[in-house]
Protein chains: 2
Amino acid sequence: MADVAQLAGVSSQTVSRVSNGFPGVTEDTRRQVLDAMRELGYRPNSAARALRRGEFRTLGVITFSLSTMGNIRTLEAIATSAAQHGYAVTLLPVAVPTQDEVNGAFSRLGELAVDAVIVIMEIHLLDAATVSLPPGVQVVVADSDAGDRYTVVDTDQAGGARDAVRHLLDLGHDTVWHLAGPEGSFAAQRRANAWSDTLRAAGRMTPPLVRGDWSAESGYRAGLRLADEPDCTAVFAANDQMALGLLRALHERGRRVPDDISVIGFDDIPESASFLPPLTTIHQDFAQVGRLCVEGVLDKMRQDGAEHGTTLVPTRLVRRESTGPRRR
Amino acid sequence: MADVAQLAGVSSQTVSRVSNGFPGVTEDTRRQVLDAMRELGYRPNSAARALRRGEFRTLGVITFSLSTMGNIRTLEAIATSAAQHGYAVTLLPVAVPTQDEVNGAFSRLGELAVDAVIVIMEIHLLDAATVSLPPGVQVVVADSDAGDRYTVVDTDQAGGARDAVRHLLDLGHDTVWHLAGPEGSFAAQRRANAWSDTLRAAGRMTPPLVRGDWSAESGYRAGLRLADEPDCTAVFAANDQMALGLLRALHERGRRVPDDISVIGFDDIPESASFLPPLTTIHQDFAQVGRLCVEGVLDKMRQDGAEHGTTLVPTRLVRRESTGPRRR
DNA sequence: CCAGTGGATGTTTACGTAAACATTGCCCAG
DNA sequence: CTGGGCAATGTTTACGTAAACATCCACTGG
C-alpha cells in the first residue's frame, strides 16, 4: 500500500480511501491511485483488513459429509447468497457425526476466521456442543428444530409430510405406510410424526413404521418387506433416494407402481422425474432455506443476538406418475 | 492476549508460545497460561495471526454450481483433506459458467484470505482468466486437461471410457453407442474421444454421437431416440444420471435392459446400484482426486511453483445388471 | 568459587490497514 | 478583502500476534 501511495504521489490513507470506495477523493487522484495499483499488482491484504476492521466478512458452515442432496443444495444456496452480501463461506466438514467430531469442529471454529456460523445438522449432537461456541459468534441452524435455543431455518417438514399423506388418502387409499429416515435425524422424525398425526386425524389405521437410512439401498431392503404386505397400497418414503430403492424392490417383486402400490417421495431431487415410474414427491426449496440462513445470521450480527425463532419454508407437491387411485 | 498474560503472571510472548505449542515453556507455566486462557475465554485472533505469519492457512475452491455429483464429492474430499493438513476451505461459487462470472470469481479471489486455489471446472473458461490470477497464489485444477499450464488432478477419463467400451465389446456387441455429456465439458469430450478411439482401435463402426447435458432428463430424451435405432444393442452413457433417464426411455419403449440393450454409466453414484436394473458403471474415486488436489497445492506452495503436470486417478469397472451379452 | 552454558522468560518491533484527528487550500458570504 | 467553512488530503495511531533479540537464572565443570 505504501508503494502504491508513493507511485501515485499520495498518502497511504488516500490509497485506502480509493480501495474502499470512500468519497472525498478527486476523480483525478482516484484514477492515479488505481493506475498505480494496477501497475504494482497491488491487492489488499485481507488479514490486515480483518484485523483493523474486526470482522472477516466470512461465514462458517458446519455440515456433515455432503452426502445428502439437501445439505448440498442448501450449502450451494448459502454460498451464493453469502457472496451477494459480500461474504465468503468457509467450510467446516465433520467427517463422522459423533459428538466428539462435532465438538472438534466447534473448537476449531474458535480459531477460525469467521464472523458467524451456519450449522446444517441434526440437533442431537449440537446440544452438548453449545458450551464451546465462542461468545459473540452468531449461529443459525438449518434442518433442525431447536427453535428455543437457536435461530432455525428449515423446510416445513411437517407440512410437506402431511401433504404427502393427504395426497395418497385423497386418491382413495385406506391408509399410508411410511418408509422413514434414520432414527437420529430430526427431519426424519418430524416427517414420521406428521405422517402418523395426519393418519390419526383422518381416522385411519397407522401401519408399522419401516425405517431406512436415507440411502437407496436401504429403501430397496425396506421395499422387499413392503412388497409382501398385502394391505400395503400406498407408501410415503421420507426421501427420494429411498423411494428409488423402493421402486426397484417393488418392481422385482412384480408389484406395479402405481397400479398395485402408490409411492411418494420427499425432496424432489432432479433425478426423481426420471425414475421408473417418474416419482410423485414433495419439493423442497433448498435455495430459499440457504438464503434465509444467510440473511438470518447477518441480521443477528447487526442486532447482536435478538431472540431465537424458527422460520419454515413451505414445500410443494409435485405430482408425477408414481401415485394413482387405489384399485382393488 | 495481554489480559491472559497478566492473569497468568507472564509475558504475552509466553502466552503466544503456549498457544502455538512451542517448546521452552515449563509445564507449570504452561498450565497457568492455559488456565488463564480458559478463564478469560481467550481465542487467538486469526486475522492478527495471519497478518503476522503472512499466511491464512486457507485454501480457496472455485467451482460451478454444485449440481454434479462429481464436483460435490471432490469438494467434500478437498475439505476433509485440507482439514487434516490444518487448512480451512473457502468456497467461491460461480453461479453461471460464463467468462464474466469466472473472471469475477478470480478477481474476488484477489481480495480473499486464501493461500492457494483449487479450481474445479472446465478449462475453457479458465483460459482468459489466467491473467487475473494474483501472483504467488498457487493453483491446482481438477476435472480438466490443461496440464501444460496448470497442475491438474483428474480421474482417468479416457481409461474409464475405454474400459466401458471394451466391457461391452467383450460381451459380444458389434459396436457401442455413446450418450455424451455437454459440448462445453472437457470431461465429456475426453470420454467421447476415448469411446471413438477404442471403437476405431477395435475396428468397429462408430455410431453417431448422441449428446446430453448430464441431466437425467436429457438422458431420457436421448433414450427415446436410441430406442428406435434397431442396430443399437449397447450404450455407454457419459454419466449415471443420463443413464438413469436412458433406462426410463428404454423401458417406456419396451426395450429390455440388458436383454435388448446393454447400458453402462460413468461415476458410480450411490443410487446407481438401485436403478432398474442396477447399473453397470465406471467408478470414480473422487475422494482420491480431492486428496491429491490438496496435497498437490500444498506441495506447490512449499516448492514455490514447480512445473505443471497431470495426475490421473484410475477408475474401476463396477459390473451390475444393466449389461449383458448380445442376443440377436 | 567462578566462568560458562543453556533453558526459561521478557522486551521490542513489524506485519498492512483504516479510524480518528490534523492540515491544507480554495471558495464564497459579508 | 477577509474570515468561516468545507472538501481534499496527510499524519498518527492501534488492531493482536509472533519473530528476533535480550535478559535472567540455575546448574555444571574446572
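The paragraphs below go through a predicted model, taking the contact between chains A and B, then each DNA strand, and lastly the largest pocket.

Where the two protein chains meet, 46 residues of chain B are in contact with 46 residues of chain A. The area buried between chain B and chain A comes to about 4000 Å², and carbon and sulfur atoms contribute 64% of that area. On the side of chain B, the residues B:Arg43, B:Arg248 and B:Leu276 supply 17% of the area that this chain buries against chain A, which is more than any other three residues give.

Turning to the nucleic acid, DNA strand C is surrounded by 24 residues, and the closest of these come from both chains, namely A:Met1, A:Gln13, A:Tyr42, B:Ser11 and B:Thr29. Of the atoms of DNA strand C that come within 4 Å of the protein, sugar and phosphate account for 60%. Two polar contacts from chain A illustrate the approach to the phosphates: a backbone N or O atom of A:Met1 lies 3.5 Å from a phosphate oxygen of DNA strand C, and an N or O atom in the side chain of A:Ser16 is 3.0 Å from a phosphate oxygen of that strand. A base is approached from chain B, where a polar side-chain atom of B:Arg52 lies 3.3 Å from a base nitrogen of DNA strand C. The elements that give two or more residues to the surface near DNA strand C are helix 2 and helix 4 of chain A together with helix 2 and helix 4 of chain B. Among the contributors, helix 4 of chain A provides the largest share, with four residues. By residue type, the surface near DNA strand C divides into nine nonpolar, 11 polar and four charged residues.

For DNA strand D, 24 residues lie around the strand, and those that come nearest are A:Ser11, A:Thr29, B:Met1, B:Gln13 and B:Tyr42. Sugar or phosphate holds 60% of the atoms of DNA strand D within 4 Å of the protein, while the rest belong to bases. Here chain A supplies contacts of both kinds, since a polar backbone atom of A:Ser11 is 2.7 Å from a phosphate oxygen of DNA strand D and a polar side-chain atom of A:Thr29 lies 2.5 Å from a phosphate oxygen of the strand, whereas an N or O atom in the side chain of A:Arg52 is 3.4 Å from a base nitrogen. Helix 2 (12–19) and helix 4 of chain A, with helix 2 (12–19) and helix 4 of chain B, each supply at least two residues of the surface near DNA strand D, and the largest share, four residues, comes from helix 4 of chain B. The residues of this surface comprise nine nonpolar, 11 polar and four charged.

The protein also has a largest pocket, which holds about 1100 Å³ of space. Its lining consists of 47 residues, of which A:Thr58, A:Thr90, A:Ala113, B:Thr90 and B:Ala113 lie nearest the centre of the pocket. From chain A, helix 4 (46–53), helix 5 (69–84) and strand 2 (88–94) each supply at least two lining residues, as do helix 4 (46–53) and strand 2 (88–94) of chain B. Strand 2 of chain A gives the most to this lining, with six residues. In composition, the lining of the largest pocket divides into 26 nonpolar, nine polar and 12 charged residues.

Note on methods: Residues are numbered from 1 along each chain as its sequence is written. Chains are lettered from A and ligands numbered from 1 in the order in which they are written. This is a predicted model: local features need pLDDT of at least 70, side-chain atom pairs count only at pLDDT 80 or more; totals for chains, interfaces and linings use all residues. Side-chain values use heavy atoms; hydrogens and water are left out. On a 1 Å grid over the protein atoms alone, a cavity is a set of points where a 1.4 Å probe fits but cannot get out, and a pocket is an open set with protein on both sides within 12 Å along at least five of seven lines; lining residues have an atom within 4 Å of a point. Grid points are joined across faces, edges and corners, and a volume is the space filled by probe spheres set on the points. Ala, Val, Leu, Ile, Met, Phe, Trp, Tyr, Cys and Pro count as nonpolar, Asp, Glu, Lys and Arg as charged, and the others, Gly among them, as polar. A residue is near a molecule or strand if one of its heavy atoms lies within 4 Å of it. A polar contact is a pair of N or O atoms within 3.5 Å; within protein, one must be able to donate a hydrogen and the other to accept it, and residues adjacent in sequence count only if both atoms are side-chain atoms. Contact means heavy atoms within 4.5 Å. Buried area is the accessible area (1.4 Å probe) that two parts lose on being put together, summed over both.
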